[in-house]
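Work through the exercises below with the sequence and the structure open beside you. Each one sets a task and then solves it step by step.

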Amino acid sequence: MTSIFKSLFFILSYLSLSACNEQVLNSPYPASSKENQAVLYSSFSERPRHLDPAKSYSSNEYAFIGQIYEPPFQYHFLKRPYELEPLTAAKMPEVIYLDSSERVLAKDVATDKIAYSDYIIEIKPQIKFQPHPALAKNKQDEYLYHQLSEIQMADITLLSDFTQTGTRELTAADFVHQIKRLVHPQISSPIAELMKQYIVGLGGYGLSIKDKPRTALKDTAISGVEVLDKYRYKIRVKGKYPQFIYWLAMPFFAPMPWEADAFYSQQVLIDKNITLDWQPLGTGPYMLEENNPNLRMVMLKNPNYHDAFYPLEGEPGDKDKGLLNDAGKQLPFIDKAVYKLEKENIPYWNKFLQGYYDASGVASDSFDQAVQFTGDGELGLTQAMQDKGIQLQTAVTSSISFVGFNMLDAVVGGDSERARKLRRAISIAIDYEEYISIFMNGRGVAAQGVIPPEIFGFSSGEQGINPYVYEWDGNKAQRKPLADALQLMAEAGYANGIDKNTSEALILYLDTAASGPDERARLNWFRKQFAKLGIQIVIRATDYNRFQQKMLNGNAQIFMWGWNADYPDPENFFFLLYGANAKVLHGGENAVNYQNKEFDRLYKLMSNMENSPERLGITQRMLEILRYDAPWVFGVHPKSVSLYHGWYHNLKPNLMANNKLKYLRIDPQQRKIMRQQWNKPILWPIILIIGLIVVLVLPAVRSFQHRAQETIK
Amino acid sequence: MFNYILRRFLYAFPLLLGVNILTFVLFFIVNSPDDMARMQLGQKHVTEQAVENWKQQRGYHLPLLINQGVAGVNKIKETIFYQKSLRLFAFDFGISDSGRNIGADIQQRMWPSLAVALPSLVVGLLVNISVALMMVLFRQSYLEFSTIVLCVIIMSISSLFYIIGGQFIVGKLLMLVPISGYDTGLNAYKFLILPVLISVVSGVGAGARWYRTLFLEEIEQDYVRTARAKGLTETQVLFKHVLKNAMIPILTGVVVVLPLLFMGSLITESFFSIPGLGSYTIDAINSQDFAIVRAMVFLGSVLYIIGLLLTDISYTLVDPRVRLS
């Protein structure tokens with residue numbers, strides 16, 4: 001018995017002493033000797049599939065490669081509307097228009113005269129790649145690790161196990177090499193087929209290297225992409241394609257040294273999962289120090305990073321918000337960024353509140369705890385969050401979710417007045433304001449057209465409303481009353497949801513890829529919206545693959561889908577309704593198979609224009625056509641809501657930039673103090689539980705001892 | 001015994017082939033190679049040509065089980081099944097559809113799974129046996145009654161509740177251990193305390209009651225009465241005789257699950273962000289990575305067969321009356 005009490009005493013003493021220690025017990029990070037290092041702690045819920053800039057095409061992957069690879073251009077961190085500026089390029093590209101005989105044309109020549117556009121890009125000198133074994137050389141100027149043997153690989157399991165690293169200057173050839181990589185069959189770039197339509201010679205190049213290894217790319221030339229000299233290269237694009245500049249701000253066009261392909265193509269490395277798809281090699285402000293996508297990914301400041309500075313100017317109001325306090329300072333500010341795998345919302349949220357993550361989104365479970373609506377309907381922080389010094393940041397995303405009508409369908413599709421009125425009636429009946437309130441906790445804006453806010457062509461106020469669905473009440477857009485929708489139904493020949501031709505109830509089919517148990521309430525809500533018009537809706541929920549197949553075959557009648565912009569241009573939304581992109585006919589992104597000659601004509605016109613009042617006018621006309629025809633029920637532009645701790649600085653939503661990390665600043669001292677304050681261990685319940693067990697067991701032990709000592713009487 | 005083991009291994013081959021075919025057929029009933037390609041290529045700008053290229057590069061352009069376009073043995077050899085699934089018998093797991101070496105991933109991820117599962121098993125076993133022995137020792141007292149009630153309550157609650165509740169109380173309110181996470185090497189210990197504790201607590205209800213039943217069965221045996229008659233104390237009877245004899249079913253029950261410890265726990269690993277094999281499998285299913293699904297199902301089957309074989313062998317070791325023939 002004495003030994004039990006001794007053990008208990010020891011445990012309690014240990015816990016008490018631990019509690020007195022400054023080191024908190026629940027920290028998920030090891031105690032570091034570099035306490036003052038500015039380390040960002042973040043997370044990822046799904047391991048990135050690809051970190052190769054030719055393959056990667058999702059936001060969770062861009063969170064990493066956006067900091068490591070540097071394309072020629074980037075979005076200005078502070079200015080709005082979004083504005084491109086040079087990154088690795090020395091200046092904005094020189095664009096030369098050519099006719100079919102390759103004669104140079106004037107800048108203001110008519111679009112139909114332009115056969116090619118040459119983009120001449122000049123890059124900054126003295127930019128160096130991060131230290132990397134692929135670039136390591138010996139004294140004879142030979143690459144150390146380009147012909148690895150099994151013996152050399154015996155002690156190597158990670159990239160960091162290589163003892164030597166090297167670097168070299170970035171050249172124009174590295175940008176050209178990356179463009180070649182886009183069409184190599186082993187790489188399977190998602191934009192390969194798209195770019196073949198634009199970049200001269202890319203399609204033929206893909207065929208010529210079809211059976212060659214990636215190492216052959218270096219010595220195989222491509223007709224439309226050319227190295228002009230060490231610091232200049234040229235991309236020839238078919239026709240006029242002003243949006244091409246936006247692609248040049250994406251990691252697809254970031255430079256890649258040929259040495260990377262030579263190094264990573266070695267089978268001995270592939271066998272150990274050391275591939276370019278997992279171990280990037282870039283010129284950016286950060287380099288991937290540890291890549292364990294099953295556990296954590298760590299990025300360190302690139303010691304070879306070139307000179308880059310915090311912007312000197314922003315939009316009005318930025319200075320007052322403190323966003324220009326670091327103006328002109330050398331980037332990046334953060335020394336190290338640790339991303340930990342965190343699959344579940346609840347532990348992530350709790351660790352954010354304990355100060356172990358610097359930022360968090362707001363999941364539905366924690367919405368009420370974090371956010372509340374202010375008197376004027378805006379989102380604000382709850383008192384508990386304000387007490388912790390947490391900052392709130394909201395932004396309407398450059399995306400849209402919508403309900404689409406298959407225009408090939410005999411009932412809801414087509415150009416007839418009947419079908420148009422039916423579609424408009426449904427557009428009025430689906431009350432997206434209610435939807436946003438119920439299912440999105442108010443985190444969204446009902447769409448008035450295809451273009452989200454902050455994108456050229458979007459208009460706010462009365463002139464921006466969809467007049468077929470909304471009315472302007474002098475202050476805000478007000479959804480038209482249901483009576484208007486019922487009237488449209490009657491005019492379309494479906495009074496009270498009864499088809500006047502068959503005298504039977506109108507039954508429509510809604511296809512969706514939302515099939516989980518959580519979606520039931522959402523789908524029931526949609527059913528009720530159609531029921532307002534007397535329409536019986538049959539919901540055909542399926543998985544995303546089946547859904548895509550249905551769309552491809554044109555087997556859906558009404559469906560729910562969405563789009564997230566690649567770049568901030570109305571063309572990137574209008575192309576979803578362009579006739580030549582019809583999914584059934586051409587396999588394109590026009591899932592509703594909408595065809596309108598005037599819309600298509602205007603699309604071709606506006607897609608070749610620079611932003612101007614004339615282009616704005618065309619955009620407005622195109623919006624009017626879409627609102628009139630109603631091939632979509634314009635749904636919601638979701639609003640992103642993010643929380644940041646008080647030690648997090650230089651926060652401004654930028655939905656286009658992928659390389660924001662270099663601008664952010666952390667105050668590690670403040671974080672350390674707050675973590676200690678928020679995480680003082682509570683020990684008394686443990687003592688209480690142990691006490692209770694002792695109290696419960698002791699009488700039984702005594703009783704047992706007493707019974708054991710009893711003799712037969 | 002050698003012949004027995006050899007025979008069992010030979011039996012395993014058709015079994016594993018059957019499992020392999022079943023996994024293959026089930027997977028491809030739900031997912032076509034086109035689906036897999038779209039999943040890997042993302043959602044934007046995916047053209048039919050891109051899908052075809054992806055399939056061609058990874059060998060998914062071939063027919064599934066029989067290739068009618070070729071002659072002879074190539075009808076079987078030039079199929080997805082032959083080229084993708086049969087290599088597993090040489091434990092060559094190949095490359096995942098996202099391009100990673102599966103064997104290397106399994107080697108890396110089995111250790112975190114084991115780091116949680118092994119202490120959970122050992123500590124759980126000790127706690128369950130201790131609680132069961134306590135119930136038997138204090139049988140027909142308020143302690144036994146209250147412990148049984150507690151066990152039934154513990155059994156009635158979902159394991160998910162223990163995880164969320166444990167994270168909330170121990171990690172968030174009391175702030176004694178990290179809520180979730182994992183680290184390599186010795187730094188892993190503080191991340192293992194909570195999942196192991198939760199695993200032990202959530203399993204003690206069923207475990208302790210099961211062992212109590214075994215002990216009570218033994219305690220009624222003649223040899224126990226004889227031991228008491230020769231004057232041994234109740235604790236001596238319990239620890240020297242009853243425990244020893246009851247260990248046979250306990251031991252064999254434990255041996256069968258030993259190889260499966262490598263496979264990890266899906267829910268625990270997911271909630272605690274432990275990068276083990278349990279979450280590896282579910283991630284692969286979600287991303288339609290057939291190469292990983294097939295490898296993990298195969299590995300699970302092999303480990304289960306090994307587990308059953310070890311159980312049979314362990315019978316002969318703990319009970320001399322059993323002979324394998």
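**Exercise 1. Decide whether Asp229(A) is buried, partly exposed or exposed, and find its salt-bridge partner.**

Step 1. Buried stands for under 20% relative accessible area and exposed for over 50%, with partly exposed in between, computed with a 1.4 Å probe on protein chains only. Asp229(A) has 34% relative accessibility and therefore counts as partly exposed.

Step 2. A salt bridge requires a side-chain nitrogen of Lys or Arg within 4 Å of a carboxyl oxygen of Asp or Glu. Asp229(A) meets this rule with Arg232(A), since their closest N and O atoms are 3.0 Å apart.

Step 3. The partner, Arg232(A), is partly exposed because its relative accessibility is 30%.

A note on the model belongs here: it is predicted, so local features need pLDDT of at least 70 and side-chain atom pairs count only at pLDDT 80 or more, while totals for chains, interfaces and linings use all residues. Residues are numbered from 1 along each chain as its sequence is written, chains are lettered from A and ligands numbered from 1 in the order in which they are written, and side-chain values use heavy atoms, with hydrogens and water left out.

**Exercise 2. Find where the salt bridge between Glu491(A) and Lys421(A) sits in the chain, and compare the burial of its two ends.**

Step 1. The closest N and O atoms of Glu491(A) and Lys421(A) are 2.9 Å apart.

Step 2. Helices (H or I, at least four residues) and strands (E, at least two) are DSSP runs, numbered from the N terminus. Glu491(A) belongs to helix H15 (residues 482–492) and Lys421(A) to helix H13 (residues 417–429) of chain A, so that the pair links distant parts of the chain, 70 residues apart.

Step 3. Glu491(A) is partly exposed because its relative accessibility is 40%, whereas Lys421(A), at 18%, counts as buried.

**Exercise 3. Describe the salt bridge that Asp431(A) forms, and state which residues are linked in a network of salt bridges.**

Step 1. Asp431(A) pairs with Arg479(A), and their closest N and O atoms are 3.6 Å apart.

Step 2. Asp431(A) lies in the loop between H13 and helix H14 (432–439) of chain A, while Arg479(A) lies in strand S18 (residues 477–479) of chain A, and the two are 48 residues apart. Both Asp431(A) and Arg479(A) are buried.

Step 3. Elsewhere, salt bridges link Glu102(A), Asp118(A), Glu226(A), Lys234(A) and Arg236(A) in a network. Over all chains the count comes to 53 salt bridges.

**Exercise 4. Work out the strand order of the open sheet that contains S6(A), and say why S4 and S6 of chain A each have one side without a neighbour in the sheet.**

Step 1. Two strands pair if DSSP finds at least two bridges between them. The open sheet has 4 strands of chain A in the order S4-S5-S7-S6, with antiparallel pairing.

Step 2. S4 and strand S6 (225–229) of chain A stand at the edges with a single partner strand each, so one side of each has no neighbour in the sheet.

Step 3. S6(A) and strand S7 (residues 232–238) of chain A run antiparallel and are joined by 4 bridges. Within this region Val225(A) stands opposite Ile235(A) in S7(A).

**Exercise 5. Determine how Thr88(A) is placed, and what its side chain reaches.**

Step 1. Thr88(A) is found in the loop between strand S3 (84–86) and strand S4 (94–98) of chain A. Thr88(A) counts as buried because its relative accessibility is 0%.

Step 2. The side chain of Thr88(A) reaches the backbone oxygen of Pro71(A) at 2.9 Å.

Step 3. Contact means heavy atoms within 4.5 Å. Leaving aside neighbours within four places in sequence, the residues in contact with Thr88(A) include Glu70(A), Ile123(A), Leu170(A) and Thr283(A).

**Exercise 6. Establish how many residues of helix H10(A) are buried, and which they are.**

Step 1. Helix H10 (residues 345–353) of chain A is mostly covered, as 7 of its 9 residues are buried.

Step 2. These buried residues are Pro347(A), Tyr348(A), Trp349(A), Asn350(A), Lys351(A), Phe352(A) and Leu353(A).

Step 3. Gly355(A), which follows H10(A), has a positive phi, near 90 degrees.

Conventions
A polar contact is a pair of N or O atoms within 3.5 Å; within protein, one must be able to donate a hydrogen and the other to accept it, and residues adjacent in sequence count only if both atoms are side-chain atoms.
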